[in-house]
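I opened this entry to keep track of what I looked up, in the order I looked it up.

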Amino acid sequence: MKIKEVRELSTKEIIERVDAEAMSLNQKKINHSISPLDNPMQIRAQRRTIARLQTELRQRLENKKNQ
């Protein structure tokens, strides 16, 4: 997910997406420890997606607080 796509989401959607992505990431990590994933780079990509979502959410909350 690109930052442009993240900015188009509402704050509520971002919060829901962060929760869903985090749960999915934990499941992938567990599955990877049991039997290796075909593409372990998916874990890195998902971590970065979560970071993008959290960054946008943090920026929105700070902007709201400063106004």
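The notes below go from confidence to single residues and then to the core.

**Confidence.** I am working from a predicted model. I checked the pLDDT before anything else: the mean for the protein is 94, and 100% of its residues reach 70 or more. By element, I found the lowest confidence in helix H1 (residues 3-8), with a mean of 92. The highest is in H2, at 96.

**Thr 11.** I looked up where this residue sits and found Thr 11 in helix H2, which covers residues 11-34. Is Thr 11 buried or exposed? Neither label fits, because its relative accessible area is 30% and the partly exposed class lies between 20% and 50%. I then listed its contacts, leaving out neighbours within four places in sequence, and got Leu 57 and Arg 60. With Arg 60 there is also a polar contact between the side chains, at 3.4 Å. I noted one C-alpha to C-alpha distance as well: Thr 11 and Glu 56 are 8.9 Å apart in space and 45 residues apart in sequence.

**Arg 60.** I followed the polar contact to its other end. Arg 60 belongs to helix H3. Which backbone oxygen lies 3.0 Å from a polar atom of the Arg 60 side chain? I found that it is the one of Arg 7. Beyond four places in sequence, Arg 60 touches Val 6, Arg 7, Leu 9, Ser 10, Thr 11 and Ile 14.

**Ile 14.** I went next to Ile 14, also listed in helix H2. I record Ile 14 as buried because its relative accessibility is 0% and the cut-off is under 20%. Its contacts, again without neighbours within four places, are Val 6, Leu 9, Leu 53, Glu 56, Leu 57 and Arg 60. For Lys 64, I read a C-alpha to C-alpha distance of 15 Å from Ile 14, with the two positions 50 residues apart in sequence numbering.

**Core.** Which residues make up the largest nonpolar core? I counted 6 in all: Val 6, Leu 9, Ile 14, Val 18, Leu 53 and Leu 57. Helices H2 and H3 (41-66) each supply at least two residues of this core. In soluble globular proteins, nonpolar side chains tend to be buried together. I looked up Val 6 as a last member of the core. Val 6 touches Met 1, Ile 14, Arg 52, Leu 53, Glu 56 and Arg 60, not counting residues up to four places away.

Methods:
Residues numbered from 1 in each chain as written. Predicted model: local features only at pLDDT ≥ 70, side-chain atom pairs only at ≥ 80, totals over all residues. Heavy atoms only, no water. Helix = DSSP H or I, 4+ residues; strand = E, 2+ residues; numbered from the N terminus. Buried < 20%, exposed > 50% of the residue type's maximum accessible area, 1.4 Å probe, protein only. Contact = heavy atoms within 4.5 Å. Polar contact = N/O pair within 3.5 Å; in protein donor to acceptor, adjacent residues only side chain to side chain. Core = buried A, V, L, I, M, F, W, Y, C linked by side-chain atoms within 4.5 Å. pLDDT = per-residue confidence, 0-100.
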